[in-house]
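Thanks for sharing this one; here are my notes, set out as numbered points. Please keep the structure open beside you as you read.

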Amino acid sequence: MTSVTSAERAALARAAELAVQYLEGLERSRVAPTATLAGLRARLATPLAEEGMAPVEVVDALARGVEGGLQGSAGGRFYGWVIGAGLPAALASDWLTSAWDQNAGLYACSPAAAVAEEAAGDWLKELLGLPASASFALVTGCQMAHATCLAAARHALLARRGWDVGVQGLAGSPPIRVLSSSEMHGTTLRSLRLLGIGSAQLELLPAGDDARLAPATLAAALAARPAAGDHPPPTLVVLQAGDVNCGAFDDFEALVPIAHAAGAWVHVDGAMGLWAAASPAHRHLLRGVAAADSWATDGHKWLNVPYDCGYAFVADPGPHRASMAARASYLEHATEARDALDWTPEHSRRARGFATWAALRELGRRGVAELVARNCRQAGELVERIGALRGAAIVARPQINQGLLRFLDGAAGAGEAEHDRRTDAVIAAINATGEAFFTGSTWHGRRCMRVSVSSWRTSASDLDRAVAAAADALARLA
Ligand SMILES: *Cc1c(COP(=O)(O)O)cnc(C)c1O
C-alpha cells in the first residue's frame with residue numbers, strides 16, 4: 001500500500017478539477033450570490049450524519065452544496081468592499097500549504113515555513129518602503145495586524161511610565177489616550193478593545209473635506225491634555241494610508257513629527273494604501289510614512305493572496321517581541337532562526353508565508369507596481385464612465401483604487417433623502433444584473449456607491465460590463 005490511498009488521490013484530483021472549473025466559470029457566472037439562506041441551509045445544514053462517506057463524495061457534496069452561495073470575489077467583476085482575488089501561484093501554493101500541513105509557529109515545527117516567511121517579511125519591507133530593521137508578523141488580516149502592532153504600542157507606551165503591562169496588566173495603569181481621524185476604520189477600535197482600551201479612550205478628530213487629518217487639528221488635540229498632571233498621557237496616534245471611502249492618505253510628513261514631538265506612538269492603517277509604495281506613480285502619497293512606529297496592511301486584499309493574510313510591522317522589535325513572545329519548556333526555541341510565535345498572537349498557525357512568498361515571486365517588484373497602478377487606473381475609469389451616465393454624480397475621484405459615486409433622484413423637488421434611496425436602489429439594480437457587484441457606504445451623511453478595484457483579474461472588458469450594467473440599471477429604474 002502506498003501512503004496515498006486511491007480515495008485520497010481521487011479527492012485531491014477532484015478538488016483541483018472543480019477549482020479550475022469554478023475559476024473558468026467566473027467569466028460567465030453571475031457575480032452576486034443567487035442562493036437563498038433557506039436553500040443553503042437545506043443543502044449544507046443537514047443533520048450530522050452517523051456514517052462517513054468517501055472523500056471524493058464529500059468534495060462533490062460540498063461543491064454542490066455551495067452552488068449559488070459563493071460571492072464572485074475571485075473574479076474580475078467584483079468591486080465590493082475591499083477584496084482581492086487570488087494570484088495563480090499564491091492559490092496553488094496555498095493548496096500545497098494545506099497538503100504540507102505545517103505548523104508554522106516554530107522553526108522546529110517547520111524550518112522551511114519559517115525561512116519562507118522570513119524572506120516574505122524582508123521582501124515586503126523593501127516593497128512597502130519600511131525600515132529593514134522593523135520586525136514583522138504574518139497574521140490573518142489587517143485587523144489582527146492592528147492588534148499585534150497596538151499590543152507593541154501599549155507595551156512601549158506603558159513601559160516609558162515604568163509600567164510593565166505584561167506583568168502588571170492594565171488594572172491601575174496610566175490610561176492610554178488614542179487619537180485618530182473621523183475616517184478611521186472600525187477594525188482599529190476592535191483591536192483596541194481586544195487590548196483593554198475602550199472607545200471612551202479614543203478621540204476621533206474631524207478630518208477635512210479631503211478626508212485627511214489636518215496637522216493643526218492633531219497638534220491642538222495633543223496640546224489639549226485631558227488628564228491633569230506632570231506628564232502628558234501615554235498617547236497613541238492612528239493615521240490612515242488609504243481610507244476605505246476615498247482612499248485618502250494622511251499627511252505623514254507633517255503629522256508623524258508632530259505626534260513624535262508629543263511623545264506619541266504613531267500607528268498606520270495601511271490595509272490597502274501601504275501598497276501605493278510599490279507604484280512609482282503613487283509612492284508620493286506615502287511620503288514620511290517610514291518614520292511611523294508601526295504599520296498594518298493586508299495580503300489578501302491588494303496583493304491578491306488567498307484569505308487569510310495580513311502583515312504587521314513594528315519599527316522597534318523590542319516591544320513587539322516583548323508583547324508577543326511565548327516560552328514553554330516543551331517547545332524548542334530557535335536561537336539563529338526565526339520563530340514566528342515570538343511575533344504573532346497565534347500559537348499554532350497555518351504556514352501562510354508560502355502564499356505570500358509565491359505571490360511576490362509571481363509578480364516581482366515590477367508586477368506589484370503594475371498591479372497597483374492598473375487597479376488605480378481602473379478605479380478612476382469606472383468612476384469617470386459611470387459618473388458620466390445620466391443621473392450619476394461623482395463624489396470622490398480615486399487617489400488610488402477607491403472612489404465614490406452617488407445617484408440622483410430626478411423627480412422635481414427631490415432632496416438628499418431621495419438621492420440616498422436612489423443610490424441604494426441603483427446599487428441593488430446593478431448587482432441584480434449579475435454583471436458586476438458594488439457596495440454602498442455613508443460618507444459625510446450621504447449614501448454613496450463605493451468603487452473599489454483590487455483584483456489582478458479585472459480586465460478592460462470587465463470594466464465595460466460594469467459600465468453597461470450601471471447604464472442598464474439606471475434605464476430600468478428611470
Ligand atoms: C479591510 C480593512 C481593514 C481590516 O482588514 P482585515 O483584513 O479585514 O482584517 C482595516 N483597515 C482598512 C482601511 C481596511 O480597508
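**Pockets, a cavity, helix packing and two backbone details**

1. Let me begin with the largest pocket. Helices α1 (6-25), α3 (55-65) and α4 (88-100) each contribute at least two residues to its lining. Please bear in mind throughout that this is a predicted model. Which helix gives the most to this lining? That is α1, with 10 residues.

2. The volume of the largest pocket comes to about 1,500 Å³. Its lining is made up of 46 residues, and those closest to the centre are L18, A19, Y22, L23 and L70. Sorted by class, the lining residues are 26 nonpolar, 12 polar and 8 charged.

3. Now follow α1 to its partner α3. The two helices pack with their axes 7 Å apart, at an angle of about 25 degrees. An angle under 35 degrees counts as roughly parallel, so α1 and α3 are roughly parallel to each other. On the α1 side the contact is formed by A7, A10, A11, R14, A15 and L18, and on the α3 side by P55, V56, V59, D60 and A63. This contact holds 9 nonpolar and 2 charged residues, with no polar ones. You will have met L18 already, as one of the residues closest to the centre of the largest pocket.

4. Helix α3 also packs with α2 (residues 37-44), and here the angle is about 170 degrees, with the axes 9 Å apart. How do these two helices run relative to each other, parallel or antiparallel? Angles over 145 degrees count as roughly antiparallel, and α2 and α3 are therefore roughly antiparallel. The residues that meet are L40, R43 and L44 from α2 and L62, R64 and G65 from α3. By class, this contact has 3 nonpolar, 1 polar and 2 charged residues.

5. A third helix pair worth a look is α6 (residues 142-159) with α8 (residues 186-194). Their axes lie 8 Å apart and the packing angle is about 50 degrees, which makes α6 oblique to α8. The crossing of α6 past α8 is right-handed. From α6, the contact draws on Q143, M144, H146, A147 and L150, while α8 brings T187, T188, R190, S191, L192 and L194. The class count for this contact is 5 nonpolar, 5 polar and 1 charged.

6. Helix α6 turns up again in the second largest pocket, where about 350 Å³ of space is found. Of the 25 residues that line this pocket, V82, H185, V244, D298 and K301 are the closest to its centre. Both α6 and strand β10 (439-443) supply at least two residues of the lining. The most comes from α6, which gives 3 residues. The lining of the second largest pocket has 8 nonpolar, 12 polar and 5 charged residues.

7. How many cavities of 30 Å³ or more does the structure hold? There is 1, and the space within it is about 50 Å³. Its lining residues are A104, G105, L106, Y107, S110, A113, A114, E117, R338 and A340. They divide into 6 nonpolar, 2 polar and 2 charged.

8. Two backbone details deserve a look while you have the model open. The peptide bond joining Y307 and D308 is cis, with omega about -5 degrees. Where does D308 sit? D308 belongs to the loop between β6 (294-298) and β7 (310-314).

9. The other backbone detail is W81, whose phi is near 35 degrees, a positive value in a residue other than glycine. W81 is found in the loop between α3 and α4. Those two helices are among the elements that each supply at least two residues to the lining of the largest pocket.

Note on methods
Residues are numbered from 1 along each chain as its sequence is written. This is a predicted model: local features need pLDDT of at least 70, side-chain atom pairs count only at pLDDT 80 or more; totals for chains, interfaces and linings use all residues. Side-chain values use heavy atoms; hydrogens and water are left out. Axes are lines fitted to C-alpha atoms, for helices over the stretch in contact, and angles run from 0 to 180 degrees between N-to-C directions. Helices (H or I, at least four residues) and strands (E, at least two) are DSSP runs, numbered from the N terminus. Angles under 35 degrees count as roughly parallel, over 145 as roughly antiparallel, 65 to 115 as roughly perpendicular and the rest as oblique. A crossing is left-handed if the near helix is turned anticlockwise from the far one by less than a right angle, and right-handed if clockwise. Contact means heavy atoms within 4.5 Å. Ala, Val, Leu, Ile, Met, Phe, Trp, Tyr, Cys and Pro count as nonpolar, Asp, Glu, Lys and Arg as charged, and the others, Gly among them, as polar. On a 1 Å grid over the protein atoms alone, a cavity is a set of points where a 1.4 Å probe fits but cannot get out, and a pocket is an open set with protein on both sides within 12 Å along at least five of seven lines; lining residues have an atom within 4 Å of a point. Grid points are joined across faces, edges and corners, and a volume is the space filled by probe spheres set on the points.
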